[in-house]
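Here is a colleague's note, set out as numbered points for a first-year student to read alongside the sequence and the structure. Please keep both in view and find each residue as it comes up.

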Amino acid sequence: MVLSRFLLHDYMRTLLLISFCLLAAIAFAQPPYPVSSVSDERPTSVVFVNAVLHQDYQTTLQDATLWIEDGKVKQAGKDISYPSGIRVIDLKGKHIYPSFIDLDSHFGVEADQDNRSGLQYESNKKGPYYWNQAVHPEEDAFRAYHYDGKEAGELRKAGFGTVLTHAHNGIVRGTSMLVSLSDDKKAVLKEQAAQHFSFYKGNSRQEYPRSLMGGIALLRSYFLDLDWYAQNEGKLPLNLSLQAGASKKNLPLVFDAREKYNVLRASKVAQEFNLSFIYRGDGKEYQILDALAKLNSPMILPLNFPAPTEVSDPYDATWLPLKDAQYWELAPSNPRFVAQQNIPFALTTDGLKKKADFLKNLRKAVHFGLSQEDALKALTHTPANLLGASDLGALREGMLANFIITSDDIFKDKSIIHENWVLGKAYSFVDLDKADLAGNYSLQVDSALFWLSLKDKPKGFGVELYTLDSTKLKGKLKLDQGWLHLVFQPDSNSGTWRMAGLANDKRKLRGRLQDGKGNWLSWRLDYLGDIEADTTAKQEKDSVTFLSLPKRQTVEQSFVLFKNATVWTNEQEGILENTDVLIRNGKITQIGQNLQVDGATVIDATGKHLTCGIIDEHSHIAVAGGVNEASHAVTAEVRIGDVLNPEDINIYRQLASGVTAAQLLHGSANPVGGQSAIIKLRWGVLPEELKVTDAEGFIKFALGENVKQSNWGDRYTQRFPQTRMGVEQVYRDVFDRALAYQKEWADYNALSKKKRKKALPPRRDLTLETVLEVLNGKRYVTCHSYVQSEILMLMRVAEEYGFRINTFTHVLEGYKVAEQLKAHGAAASTFADWWAYKFEVNEAIPQNAPILHKHGVLTSLNSDFPEEGRRLSMDAAKMVKYGGISQEEAWKMVTLNPAKTLHLDDRMGSIKQGKDADVVLWSGNPLSAYSLVERTFVDGRELYSIEKEKVRQALVKKEKARLSQQMLQATENGDKPEPIAPTPESHYHCEDLEGYQGH
């Protein structure tokens, strides 16, 4: 009985022990979280020996050792000792690099879809947040992050181990997170790694901002509000957006420019608020490299090189823009050009259709001259350094074990990535022990003989199999754990043959085969030599020469003497026959007859007419991202000067028509629009260089159908005003608010220093500050107008508030109120003969300008549209026809009168000693339809010449032919061409509501 009890006790104890062991085995067999099927659960301590170790971008060690443990580098270098029993991997002949880092990813963080319907003017975000939903600094990528196994795999295969990820949405986007591409819980390296900004509002449903200039104004307003909140946080109600922005101010700042001139625009914002941005570029940095070199700010460059264009059809090819063809040729050299300027830069996969193209394009950039050192630096050291991630970007003791193992130098075309180790965990793509089997062979199966070629591919080998009479056979090759398997049909009658054998030495390939009848046969592969290289492609590749950096061409100021011209002076002297004019150092220096000047280039102007340049008082050329901020009724804070586009072809076309200066106005979508910019048509300069220095400030007001949204469609019926009565009330309201704002600041500034410390300073308001400039006579109004009643209304309101309207533009019913305009002191800038294009212009007449002129109103003619700007000389001629005024007075309507209107007649608008050398040489009378512009000078620089244009067109033809041939060759070499898709030209006029679409 006792024995039975002891036996039972031993039995139970054995059962418990077995149960415990089973439970323990189950517990240890199952990881505590899901893992990817491609993850490799190897020992945490691994030593790699005999490798070519690229320890950082400038240090390479031969026959080196890398020892990793617990996801970090334990030791790296040569002559390293390690304990026995540790796992050792021999990497003889293989390379180790630090894994790459991408600074512009949206991995695992996607913005909400834009499902907007209806109009939204106010924020509907619940809680104490910023007033505009495109500004959300409180949003953090790590709160929305979801691991995306598929994309992680694609990035790892491209060599990346870490990404900086955020939702590409909004103007102030919040923070990004730094995350390693591991399915490990410890993959998040920094929850808040950087702040992100752009000029594009993304999926915000609020109407404001709709334009690029509106996005810039909103960002400026945010930074002003941020400073105000940070300095007065204890005095203000809680605002979670501004609180978040202030708390993250020390993080790196990344600006998503996506367009080369947006980098310069953002740099102005950075300078205004003493910020330092890292700029995400567009791959066209080489086009403004001189300006970027002066900034010397870090860049993030894409490698999304354009494909060649389909130019096989010669008729279609005529539509290929030269600038697109040049971009195709130069894009792969962009990283090299940036590196040559010593501008720090990182590289990103963002913008690629397929992440798999990254390595191909990286190697292409290296082939086009980017040094391997600079390439590796841009993918490792620089991004890590910009983020302050001291444990990334190299392989040294204590750093994260993020590295890739490659078959050869990573920048060689045939090099493959075998494995990508992330946080010490291996992700394998190609077996490290893959044998070198590429070559030509003879295959002998008993008495049968075949020819076989094995071509190396990233994931194995491609096979081509032929009979002795060169009949190609279908074959399928597979390599599995050191074994070669080949399945093929030798002919149509023998069925399918299946081969198998060890594949570890290309000179000893043997095995067994089963034929279609089940018979076992012996086979052997005899190595015949390497496959002949594709010499055509190699020669093409080797023939690439490093392209020179295209330099922005500058035109020197001319020292020119025009001889024997008919000179239209626009001064008391009138029109002078047989007169000489000397220009030097950008100025008109002498006017007279029989001038003799040593060293001057003499232009025989006999029989020709010399005038000053045409000035367009109302233009919308050279504007980017929308000409209207068509959201709010008052948008005085936006500035056309922020969005100048010096590459608008209309600049050049208008130079060819004698135009040398223009006022670029905001559109007419709101009663109070944006600030205008006065430019000279300096073709070939940077945006800021277009501006007329020290020109006085102007702003666009508007009346009539556009501002009350009469023709905007049924959707736009919510915004005030919707009637002409409401327009007047908008003016009174904003003027009153501006005066109250002025008093608020005056009262604050009148406080003693002691009281001022305790008081809350007023919030700076860019809109009201601009309106105050109008009320205080420091900024001048150009008002879009048509109907006499509204013209009279605005003059009365202006007089009531103590200022005058500088210019009524269009003013097609101005002839009805000419006396009142004269009494008010307003100028008029009108169309020559536009009418009946909408209801409020039905009473326009072509005699409008002459009638206004005869009543003493300063009158000029304007274009409002790019094509019309090329015909202003003809519009002036129409005044002679319709109004019977003299040719000289008609000519002044497009030259001296707009100069006076813009307060620039002290330097332009006539040919007078000391004025700017903005002159035009015509083949005949400038009012004749038969006359051509032969030469146009701006600031003494010849920017258009009819003779040089002929030469230019011949060069364009030659260059397009050369590039077309290169594209055809690239297509023949395997590049897939894309159809011609010229970028549509933007031709803005007053009523355009096209907004900014970002990127």
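1. A good place to begin is a single pair of residues: Leu443 has Leu525, in strand β26, as its bridge partner. Please keep in mind throughout that this is a predicted model. The two leucines belong to a wider pairing, in which strand β18 (residues 439-445) and strand β26 (residues 520-529) run in the antiparallel sense over 6 bridges.

2. Which strand is joined to β26 by 6 bridges and runs antiparallel to β26? It is strand β25 (residues 509-514), and here Gln514 can be found standing opposite Trp520 of β26. β25 and β26 make up a hairpin with 5 residues between them, and in the turn Gly518 has a positive phi of about 90°. As background for a first reading, strands of a sheet pair through backbone hydrogen bonds, and they may do so either parallel or antiparallel.

3. A further sheet is worth tracing by eye, since its pairing is mixed: it is an open sheet of 3 strands in the order β32-β33-β35. The edge strands are β32 (614-619) and β35, each of which pairs on one side only, and the twist from one strand to the next averages 15°. Within this sheet, β32 and strand β33 (residues 659-664) run parallel and are joined by 4 bridges, with Ser619 having Leu664 of β33 as its bridge partner.

4. Turning to charged side chains, the model has a count of 59 salt bridges. One of them is formed by the side chains of Lys608 and Glu934, at 3.2 Å from N to O. Lys608 lies in the loop between β30 (601-604) and β31 (609-612), while Glu934 lies in strand β42 (residues 933-938), so this salt bridge ties together parts that are 326 residues apart in sequence. Glu934 has a relative accessible area of 18%, and because the cut-off for buried is under 20%, this residue counts as buried.

5. Another salt bridge brings us back to the mixed sheet, for the side chains of Asp916 and Lys680 meet at 2.6 Å from N to O. Lys680 belongs to strand β35 (residues 677-680), whereas Asp916 is in the loop between α25 (896-901) and β41 (919-922), so the pair ties together parts that are 236 residues apart in sequence. Are these two residues buried or exposed? Asp916 is buried, and Lys680 is buried as well.

6. A salt bridge between two helices can be set beside these, with the side chains of Glu800 and Arg732 meeting at 2.8 Å from N to O. Glu800 is in helix α19 (residues 788-800) and Arg732 is in helix α16 (residues 724-749), and the pair links distant parts of the chain, 68 residues apart. Glu800 has a relative accessibility of 51%, and because exposed means over 50%, this residue counts as exposed.

7. Salt bridges can also join into a network, as they do for Asp104, Arg173, Asp256, Arg258, Arg280 and Asp350. The general idea is that side chains of opposite charge can pair when their charged atoms come close.

8. Finally, please look at helix α11 (residues 357-367), which is mostly covered, with 8 of its 11 residues buried. The buried residues include Phe358, Leu359, Leu362 and Val366, and among them are also the charged residues Asp357 and Arg363. After α11 comes Gly369, whose phi is positive, near 115°.

Note on methods
Residues are numbered from 1 along each chain as its sequence is written. This is a predicted model: local features need pLDDT of at least 70, side-chain atom pairs count only at pLDDT 80 or more; totals for chains, interfaces and linings use all residues. Side-chain values use heavy atoms; hydrogens and water are left out. A salt bridge is a side-chain nitrogen of Lys or Arg within 4 Å of a carboxyl oxygen of Asp or Glu. Buried means under 20% relative accessible area, exposed over 50%, partly exposed in between (1.4 Å probe, protein chains only). Two strands pair if DSSP finds at least two bridges between them. Axes are lines fitted to C-alpha atoms, for helices over the stretch in contact, and angles run from 0 to 180 degrees between N-to-C directions.
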